[in-house]
Amino acid sequence: MSLKIAFQMDPIEAIDIEGDSTFRIMEEAQVRGHSLFYYTPDALSLEGGVVSASGHWTRVKRDQGNHAAMEPRERVSLHDMDVVWLRQDPPFDMGYITTTHILDRLAPDTLVVNDPFWVRNYPEKLLVLEFPDLTPPTLIARDIETLKAFKARHGDVILKPLYGNGGAGVFRLDANDRNLNSLHELFSGINREPLIMQKFLPAVSSGDKRIILVDGEPVGAINRVPAEGETRSNMHVGGRAEKIGLTDRDREICAAIGPLLKEKGQIFVGIDVIGDYLTEINVTSPTGLRELERFDGVNVTAKIWEVIERKVAA
């Protein structure tokens with residue numbers, strides 16, 4: 001099976017091929033005989049019911065700086081593609097949301113991964129609220145008095161933007177902290193979105209586990225350990241990746257959320273687990289494939305493509 005695959009992603013020239021999951025997905029697709037078309041979100045358009053994009057047919061190779069050989073730019077109809085990957089990084093803003101509305105128009109001609117309707121309606125920090133028995137105490141609010149009351153109940157909390165990513169804007173406020181008012185003013189001056197506040201989980205010092213699910217089934221995990229003096233474990237801010245296995249609690253969490261992810265067309269998902277608690281379900285542009293494959297020696301990306309190829313064939 002040879003497929004035409006389009007990748008909606010951030011500029012390919014700037015990616016780190018050693019850690020970038022999108023590059024790994026492209027690499028595996030090419031090995032499997034598929035053709036790759038690359039474009040950035042700003043090159044997407046909708047006219048007369050036709051979704052198109054201006055971009056490049058591309059070949060990739062594992063040579064940083066020379067990792068993408070692109071043909072001259074051309075505009076193509078995405079209805080002629082077999083698969084479109086929605087892979088640009090958040091922030092999950094109106095620009096991001098608009099692309100999901102446009103890509104919705106490709107059905108039933110083209111399979112979009114992950115399904116853009118449910119990416120839009122189930123962003124990372126909101127989907128976890130469907131599973132309150134799996135998550136730490138969590139509040140979504142903009143009102144300062146409501147935030148203060150939650151903090152008074154739980155003492156030590158994490159405050160972060162509802163639609164942030166990569167550990168940006170994440171603050172730990174312990175029982176003695178006096179910065180909530182100032183942070184509320186800061187965030188309120190940036191946008192009109194609510195904030196998310198969660199009870200702090202001390203187990204984060206041992207790591208924030210990223211579990212990869214493919215079509216609703218767990219295929220492995222990596223542990224992300226915060227740098228000395230840090231609360232955040234994201235690798236963007238110095239977190240260290242370690243090999244780790246799945247616990248019985250991890251499998252319990254995956255069994256609870258997996259069927260919903262599969263039903264809603266979320267083929268490649270990365271969930272975050274701290275101790276015994278689910279904290280995020282990442283569906284927009286999850287990462288971790290390269291690290292997981294290095295640690296476990298299993299071609300997880302091939303499993304993703306096997307699911308996609310079955311769906312296209314069907």
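# A tour of two sheets and their helices

Select A221: this residue stands opposite I244 in strand β15. The model on screen is predicted.

**Stop 1: around A221**

Keep A221 selected and add I211. The bridge partner of I211 in β14 is A221. Now show all of β14, residues 217-225. β14 is joined to β15 by five bridges, and the two strands run antiparallel. One more pair belongs to this stretch: V225 has R240 as its bridge partner in β15.

Turn to the other neighbour, β13, residues 208-214. Seven bridges join β13 to β14, again with antiparallel strands. These strands form a hairpin, with two residues between them. Select D215 in the turn; its phi is positive, at about 55°.

**Stop 2: the five-stranded sheet**

In what order do the five strands of this open sheet lie? Across the sheet, the order is β15-β14-β13-β16-β17, and the pairing is antiparallel. Strands of a sheet pair through backbone hydrogen bonds, so it helps to display the backbone here. Colour β15 (240-244) and β17 (277-282), the edge strands, each of which pairs on one side only. From one strand to the next, the twist averages 30°.

Next, select helix α7, residues 248-263. The helix lies across β13, β14, β16 (268-274) and β17. Compared with β16, α7 runs at about 145°.

**Stop 3: the four-stranded sheet**

Move to residues 138-141, which make up strand β9. β9 belongs to an open sheet of four strands, ordered β9-β12-β10-β11, with antiparallel pairing. Which strands form the edges? They are β9 and β11 (171-173), each pairing on one side only. The twist in this sheet averages 25° from one strand to the next.

Add β12, residues 195-199, to the selection. Four bridges join β9 to β12, and the two run antiparallel. To find one pair, select A141: its bridge partner in β12 is L195. Helix α5 packs on this sheet, where it touches β9, β10 (157-161), β11 and β12. The direction of α5 makes about 10° with that of β12.

**Stop 4: α5 and α6**

Stay with α5, residues 144-154, and add α6, residues 180-190. Their axes are 11 Å apart, and the helices pack at an angle of about 140°. Angles over 145 degrees would count as roughly antiparallel, so α5 is oblique to α6 instead. The crossing of α5 past α6 is right-handed.

Which residues make the contact? Show the side chains of I144, L147, K148 and K151 on α5, then those of L180, N181 and H184 on α6. Sorted by class, the contact has three nonpolar, two polar and two charged residues.

**Stop 5: α8 and α9**

For the last stop, select α8 (residues 289-296) and α9 (residues 300-313). The axes of these helices come within 9 Å and cross at roughly 120°. Perpendicular pairs lie from 65 to 115 degrees; α8 and α9 are therefore oblique to each other.

Where do they meet? On the α8 side are L289, L292 and E293; on the α9 side are V300, T301 and I304. The residues of this contact divide into four nonpolar, one polar and one charged.

Terms used. Residues numbered from 1 in each chain as written. Predicted model: local features only at pLDDT ≥ 70, side-chain atom pairs only at ≥ 80, totals over all residues. Heavy atoms only, no water. Axes fitted to C-alpha atoms, helices over the stretch in contact; angles between N-to-C directions. Parallel < 35°, antiparallel > 145°, perpendicular 65-115°, else oblique. Contact = heavy atoms within 4.5 Å. Nonpolar A, V, L, I, M, F, W, Y, C, P; charged D, E, K, R; others polar. Left-handed = near helix turned anticlockwise from the far one by under 90°. Pairing = 2+ DSSP bridges.
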